[in-house]
Amino acid sequence: MSLETWLAFLGASALLVMLPGPTILTVISYSITHGKRARLPLVLAVALGDSTALVLSLVGLGALLAASAFWFTVVKTVGGLYLLYLGFKLLRAGVAPATLPKASAASSRWKLFANTYLVTALNPKGMIFFIAFLPQFIDPAGDVTRQLWVLSATFVACAGINAAAYAVFAGSARRLLASPRAQRGFNLGGGAMLSVAGIWALLARRV
């Protein structure tokens with residue numbers, strides 16, 4: 001593809017990933033409640049989750065979800081309920097006596113990674129979006145496979161950088177307000193955001 005086409009895709013992707021959605025709300029919530037130790041797992045989870053959604057889209061799942069109301073409903077319901085579950089856990093932590101998180105543990109980081117990955121990969125809107133978005137920048141006369149790889153890698157890179165920026169911002173806000181009372185508020189706020197994201201996913205309509 002031409003450099004102009006790639007730059008146009010890069011700009012469009014950068015703008016799109018900055019829009020708050022379930023993944024970004026998850027990143028913000030966990031960054032606020034877990035601080036700096038959450039950054040790397042969150043960024044890796046977003047990158048891998050978007051990569052998974054891209055692969056599934058390119059092999060036909062996105063087309064299936066776009067064509068089938070039943071499967072769209074199944075995927076969005078699973079994803080939405082999972083977001084609500086994570087939101088409930090944070091809300092419950094906010095109601096309980098607030099304490100600052102202890103030093104990071106490998107299991108905790110893996111849990112953050114797994115939760116964020118599932119939220120990102122199970123977003124049916126993302127899969128359908130990739131099916132509709134990527135072809136707009138493909139030149140049928142060129143090597144379609146290579147173009148898809150380039151566009152996919154570009155989008156995943158944008159998503160990872162964006163997730164890192166949100167994580168750093170939220171983590172900095174946490175450090176500025178690192179008190180038991182603020183932690184209670186962070187848990188309640190993060191739980192509310194995840195719950196809203198879950199409801200958003202459950203109410204999503206087919207496009």
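Which residues of H1 are buried? Keep that in mind while the whole chain is on screen; the tour reaches H1 shortly.

**Before selecting anything**

This is a predicted model, in which local features need pLDDT of at least 70 and side-chain atom pairs count only at pLDDT 80 or more, while totals for chains, interfaces and linings use all residues. Residues are numbered from 1 along each chain as its sequence is written, and side-chain values use heavy atoms, with hydrogens and water left out.

**The whole chain**

Show the chain as a cartoon. There are 9 helices and 0 strands, and from the N terminus on the elements run α-α-α-α-α-α-α-α-α. Helices (H or I, at least four residues) and strands (E, at least two) are DSSP runs, numbered from the N terminus. Of the 207 residues, 43% count as buried; buried means under 20% relative accessible area, exposed over 50%, and partly exposed in between (1.4 Å probe, protein chains only). Turn on the surface: the chain exposes about 10600 Å², and carbon and sulfur atoms supply 73% of it. Accessible areas come from the Shrake-Rupley method with a 1.4 Å probe, and for residues only the protein chains shown count as cover.

Among contacts (heavy atoms within 4.5 Å) with a separation of 6 or more, residues 24 or more positions apart account for 89%.

**Select residues 3–18: helix H1**

The buried residues here are Phe 9, Ser 13 and Val 17. Looking down the axis of H1, these buried residues fall within an arc of 55°, so they line one face of the helix. The arc is that of the directions from the helix axis to the C-beta atoms. An α-helix has 3.6 residues a turn, so residues three or four places apart point the same way. Turn to the other side of H1 to find Leu 3, Glu 4 and Leu 15 exposed.

**Select residues 39–58: helix H3**

H3 has 20 residues and reaches 28 Å from its first C-alpha to its last, close to the 28 Å expected at 1.5 Å a residue. The expected span is 1.5 Å times one less than the number of residues. The buried residues of H3 include Leu 42, Val 46, Asp 50 and Leu 54. After H3, select Gly 60, whose phi is positive, near 115°.

**Select residues 69–95: helix H5**

Val 74 is in this helix and counts as partly exposed at 30% relative accessibility. Add Phe 70, Trp 71 and Val 78: with Val 74 they form a nonpolar patch on the surface, with about 380 Å² of accessible area together. Patches are made of residues with over 30% relative accessible area and no salt bridge, like charges being joined within 9 Å and nonpolar side chains (Val, Leu, Ile, Met, Phe, Trp, Tyr) within 5 Å.

**Select residues 144–176: helix H8**

Start with Gln 147, which lies in H8 and counts as buried at 4% relative accessibility. Leaving aside neighbours within four places in sequence, Gln 147 is in contact with Met 1, Phe 137, Ile 138, Asp 139 and Gly 142.

Move along to Val 168, also in H8, which is partly exposed with a relative accessible area of 36%. Add Arg 39: the two are 129 residues apart in sequence and 7.2 Å apart in space, C-alpha to C-alpha.

**Last stop: Asp 143 and Arg 146**

The structure holds 1 salt bridge, defined as a side-chain nitrogen of Lys or Arg within 4 Å of a carboxyl oxygen of Asp or Glu. Asp 143 forms it with Arg 146, the closest N and O atoms being 4.0 Å apart. Asp 143 is partly exposed at 42% relative accessibility, and Arg 146 is exposed at 58%.
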